[in-house]
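I opened my notebook to look up two things: enclosed cavities and one sheet. The entries follow in the order I made them.

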Amino acid sequence: MSNLVIVESPSKAKTVQKYLGPGFEVAASMGHVRDLPKSKLGVDIENDFEPVYVPMKDKEEVISSLKKAAKKADKVYLAGDPDREGEAISWHLAQLLDIPMDAPVRVTFNEITKTGVQNGMAHPRSIDLDLVNAQQARRILDRIVGYKLSPFLWKKVRRGLSAGRVQSAAVKMIVDREKEINAFKPEEYWSIEAKMTAPSSKKQFDATFVGMDGAKTELHSESETNEVLKRLEGAQFNVTGVKKSVRRKSPAAPFTTSTMQQEASKKLGFQTSKTMRAAQQLYEGVEIEGMGAVGLITYMRTDSLRVSDEARAAAYKYIEEKYGKTYLPASPKVYKTKAGAQDAHEAIRPSTPELTPERVKDSLTPEQYKLYKLIWERFIASQMANALMDTVSVDIDANGCSFKATGYSVKFDGFTVLYEESKDDEENKVLPEINTGDVLKLKNIEGKQHFTQPPARYTEGSFIKAMEENGIGRPSTYASTISTIINRFYVERDGKQLKPTGLGEVTTDLLKAHFKQIVDTKFTAQMESSLDKIEIGEKDWVETLRDFYGDFSDTLTKAETAMEGKRVKVPDEETDEICEVCGKPMVIKIGRFGRFLACTGFPECTNTKKIVKPTGGICPLCGKKILAKKSKKGKKYFGCEDNPNCSFMTWDTPVSDKCPKCNDGTTLFKKGGKMFCLKEGCGYEVAIKKEK
């Protein structure tokens, strides 16, 4: 008897094949095999939004191969990822392979381990049409918005633009934040900081002014601050109260998709797409020395905080062996999943907690290792005992002026011995022994001027948090949404921050004026909620589309009438660059291939050039600057600024280290795990030390 199991990727197929063994053939569909056509709408709006699916052109060979394998097999199992997309892929495969919709052929794996695969295969079910319809509704909604609204933008702003139900709302959030920053007016405020010593110690500690005559006092100017300082001249600083307590600090919950993306951004500096790529690889299976292909983490698209009893027991075993019983909690840690979250999967955790990061390090890429270490430590720490902090709060009075000093020290490190959230990093701030009635000695006191700060631009991590809080998209779509709005030049990265482009601002303002619903975060969140209700069978997908399309169609007609004969100009971005042809300033424009420099003397001067960034590196051929460049296909490479006079180019990345062999400031390059010199005749090479 032969069985065919169809998964989505070759790496997942390899890992699953290992656990199923003889009698099973595991093949990969390489993702979706059918989709709406690219050249037309592909949705029959008049006939209950009936979609017209066509086989994807680049999947013809895959489909043919799967059909042949299915004919030979006695039984076919569809094992796409355990989510809406995986269900939809299974549904499309069932239709292509003539498998009845009620046949028990759908299997899912929450983790790609022997137990996870065997459990999945032991519980086949029919395809969940509610999940399929939720995915269809999302796809059709996005197709209608994109197909109907994008041509409007082509006519009114620029050809090649696109709009999207989620992407347009996401861009609006970034545009709104930029407007907040630009409109912000800083307000002045002052603080008074005192350095003191207690009778018991010569060690200085800090105390902060909090108020006068029993009331909290805010200082808004230098004159107000000087009045307080004058009142304190010659005053005695008396301790009026000392409060000691023990504060419990609980570990963070294991990761959901959203919190994993946020923490990887903050702690590892990973872009969201990099995080999800590495997580997918860890889930599907990695070749571990001595073990073969192993799925190292549970499914990485989840908003559940549930943890299995088996995983908890494995974590407890590790914690007790490594740190001792005192690091185990008095009762199991149970984390409450937020309201409205889907609880189909567990939290993201190591599939086999016994496989420590150090044990698998040599089998992983640097990206995989860093993310696995983050996931593993977060999970183990989430099952550990609380940390205990001894805290001290001291109230001080000086001529009716109140000051406060606080301190803390670690009484028991608990879970922090292994892991802390990035926002929780802190050092001990220990106060000397202080008692009520003590007279403190003032060493220094000064007023400090401050100004309120505008809200910060979003980083990828903070933007994901904001999208989640506003209900924009779902964790599984955050990475693709961010990539889309950057690739389409609505948003750009400024270091680690996300900043709207002029194109993003103009397009958002146009959509706000004529398509308020499309960019309204509340409306977008309500639509996500509707899709969730379709998924659990509480709402009809056709009715949902009907409700949306009626208003959208009317709005589109009104907008086209209101904007008839009008166009919106995208402002150019000024630069310090001067045109070497005519001497006029150059500006940044956005074309179909991205941003480029153009002369403001156009049409008399048609000079344009690529935007390039210095890397700090020195060309090994001629000694001039190395610039970061992009090929026509968008791939990053590095070349000499004197091109075409100097032919140097490389795909290898320049680093800040200089070649010790040449000893003349020659730049080193890196690739894989090595740094090396590219200067002719040098040959210097060294392995990069791995992170511990």
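How many nonpolar, polar and charged residues does the lining of the second largest cavity have? I was working with a predicted model. I counted by class and got 6 nonpolar, 3 polar and 1 charged residues for this lining.

**Entry on the second largest cavity.** I noted a volume of about 30 Å³. I listed the lining as I6, V7, E8, S29, L78, A79, G80, I89, S90 and L93. Both β1 (3–7) and α3 (84–96) supply at least two of these residues. I found that α3 gives the most, with 3 residues.

**Entry on the largest cavity.** My search of the whole structure returned 2 cavities of 30 Å³ or more. For the largest cavity I wrote down a volume of about 50 Å³. Its lining includes S162, A163, Y490 and V519. I saw that α6 (165–183) and α15 (502–514) each bring at least two residues to this lining. By class I recorded 5 nonpolar, 5 polar and no charged residues.

**Entry on the sheet.** I then turned to an open sheet of 4 strands, ordered β27-β28-β29-β30, with antiparallel pairing. I asked myself why one side of β27 (653–658) and of β30 (685–687) is left without a neighbour in the sheet. The two strands stand at the edges and each has a single partner strand, so one side stays free of a neighbour in the sheet. On average, neighbouring strands here are turned by 35° against each other, direction ignored. I checked one pair: 3 bridges join β29 (residues 674–677) to β30, and the two run antiparallel. For K674, I found A687 as the bridge partner in β30.

Definitions and conventions:
Residues numbered from 1 in each chain as written. Predicted model: local features only at pLDDT ≥ 70, side-chain atom pairs only at ≥ 80, totals over all residues. Heavy atoms only, no water. Pairing = 2+ DSSP bridges. Axes fitted to C-alpha atoms, helices over the stretch in contact; angles between N-to-C directions. 1 Å grid on protein atoms, 1.4 Å probe; cavity = no way out; pocket = protein on both sides within 12 Å on 5 of 7 lines; lining within 4 Å. Points joined across faces, edges and corners; volume = space filled by probe spheres on them. Nonpolar A, V, L, I, M, F, W, Y, C, P; charged D, E, K, R; others polar.
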